[in-house]
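Colleague: Can you walk me through this one? I would like to start with the surface and then move inward.

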Amino acid sequence: MKKTEGALERICLFLENAINKKRKKSYDKKRAKKTFKSELLDWISAFVFAIVIISLLNMWGCAQFIVPTGSMEQTIMIKDRLVVNKGAYGREIYSYGPKSANKTPHRGDVITFYNPEYKNDSPFIESLRDLIYMGTLTLVNLNKYPDGSYREKMFIKRAVGIPGDTVRFINGDVFIKPFGEDLYYPEKHIREKSGVPYDVYRLVDKKDYPFIKAYSKYALYSQMGLQDQLPVYYMEELSHKASEFDYYEGEKQYAKSSYAIMPWKPSSIQDAESYNRGTYVPALHILPLGDNRDNSGDGRYFGCVSNQKINGRAMFVLFPFSHMKLL
């Protein structure tokens, strides 16, 4: 009897172990299958979450900005990576959208703003491009022309003219008449008085300006078929070619020469007067200029920029480490 009971116990124990092993094997397979799926979903959700957080930080906190051109040399260099405070003058709700505030930059601030000549797409497309660009830490930029070249959506310049200023440009130098003043002062004087370093970098030599003036006159006379009537001393100046050219000064001299030849023509009067009068900076606007003054497409050409288009202040250079500094 005892032998029979012992045999039954061994059989039951064997069957119990077999069932447990089968259950464990089935459970392990399900567990392995579930872990692979869950880990894949975890990776995807973590990646999406990281993109969203980075994008939100870039849109409303601090953004990374890669310097696209040399217009601010030697202050910042091409491909320098900067940290920009997106809330310095009011945060955008979305790209090209309304702002939470409309603050005016201080004189001398290094600012980022939308290219005034940039043709933006719909808010959805612009926001989607920004999301991808910022979410991939600037590695993927889909904002391109059909030929593959990048569209320059953002500019970085220095706020030189502030509301109430009238700004003139003479031989590449800037002269500012602040609000309530009667006199124009050199930019260096105004900036030092405001506690802003004077970091302007010039390429055009002062001795090249007589050539620039002569060349501009010659271009106008040639266009009108009057090149034979150009005074001899201008022809002499043309023999001393300049190594660099100040295009703004060239356009100004062209306009003034046009007025001298055709003082009765409304367009000639208007163009010449605009250069003589200078650029007035209205309320809620600034006049941005590049520190690399002779190699910068800035407010001299496209005018003042509305506060609504300004979306950040550059705080410091992050990379390369050899360029790291506060701005």
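**From the surface inward**

Modeller: This is a predicted model. Leu-128 is partly exposed, because its relative accessible area is 37%.

Colleague: Where does Leu-128 lie?

Modeller: Leu-128 is part of helix α2, which covers residues 123-135.

Colleague: Which residues make the nonpolar surface patch?

Modeller: Phe-124, Ile-125, Leu-128 and Leu-131 make a nonpolar patch of about 350 Å² on the surface.

Colleague: Let's change topic to charges. How many salt bridges does the structure hold?

Modeller: There are 12 salt bridges in the structure. In general, side chains with opposite charges can pair when their charged atoms come close.

Colleague: Take Arg-158 and Asp-199. How do their side chains meet?

Modeller: They form a salt bridge, at 3.8 Å from N to O. The pair links distant parts of the chain, 41 residues apart. Arg-158 sits in strand β4 (residues 154-161), while Asp-199 is in the loop between α3 (187-193) and α4 (209-223).

Colleague: Is Arg-158 buried or exposed?

Modeller: Arg-158 has a relative accessible area of 5%, so this residue is buried. Asp-199 is at 34% relative accessibility, and therefore counts as partly exposed.

Colleague: What about Arg-158 and Asp-291?

Modeller: Arg-158 forms a salt bridge with Asp-291 too, and the closest N and O atoms are 2.8 Å apart. This pair also links distant parts of the chain, with the two positions 133 residues apart in numbering terms: Arg-158 is in strand β4 and Asp-291 in the loop between β9 (285-289) and α8 (299-302). Arg-158 and Asp-291 are both buried.

Colleague: And where do Arg-293 and Glu-187 come in?

Modeller: Their side chains meet in a salt bridge of 2.9 Å, N to O. Arg-293 is in the loop between β9 and α8, and Glu-187 is in helix α3, so to speak of distance along the chain, they are 106 residues apart. Both Arg-293 and Glu-187 are buried.

Colleague: Which residues do shared salt bridges join into one network?

Modeller: Asp-173, Arg-202, Lys-206 and Asp-294 are joined that way.

Colleague: On to the helices. What span should α4 have?

Modeller: The 15 residues of α4 should span 21 Å at 1.5 Å a residue. The end C-alpha atoms of α4 are 21 Å apart, which agrees.

Colleague: Which residues of α4 are buried, and what do they pack against?

Modeller: The buried residues of α4 include Tyr-209, Phe-211, Ile-212, Leu-220 and Tyr-221. Lys-217 is also among them. The buried residues of α4 pack against α5 (232-238) and α6. Just after α4 comes Gly-225, with a positive phi of about 75 degrees.

Colleague: Now α7. Which of its residues are buried?

Modeller: Ser-268, Ala-272 and Tyr-275 are buried in α7. Seen down the helix axis, the buried residues of α7 fall within an arc of 60 degrees, so they line one face of the helix. They pack against α6 (247-261).

Colleague: What is on the other side of α7?

Modeller: Pro-266 and Gln-270 are on that side, and they are exposed.

Colleague: How far does α7 reach, and what follows it?

Modeller: Helix α7 runs over residues 266-277, has 12 residues and reaches 16 Å from its first C-alpha to its last, close to the 16 Å expected. Gly-278 follows α7, and its phi is positive, near 90 degrees.

Notes: Residues are numbered from 1 along each chain as its sequence is written. This is a predicted model: local features need pLDDT of at least 70, side-chain atom pairs count only at pLDDT 80 or more; totals for chains, interfaces and linings use all residues. Side-chain values use heavy atoms; hydrogens and water are left out. Helices (H or I, at least four residues) and strands (E, at least two) are DSSP runs, numbered from the N terminus. The expected span of a helix is 1.5 Å times one less than its number of residues. Buried means under 20% relative accessible area, exposed over 50%, partly exposed in between (1.4 Å probe, protein chains only). The arc is that of the directions from the helix axis to the C-beta atoms. Contact means heavy atoms within 4.5 Å. Patches are made of residues with over 30% relative accessible area and no salt bridge: like charges are joined within 9 Å, nonpolar side chains (Val, Leu, Ile, Met, Phe, Trp, Tyr) within 5 Å. Accessible areas come from the Shrake-Rupley method with a 1.4 Å probe; for residues, only the protein chains shown count as cover. A salt bridge is a side-chain nitrogen of Lys or Arg within 4 Å of a carboxyl oxygen of Asp or Glu.
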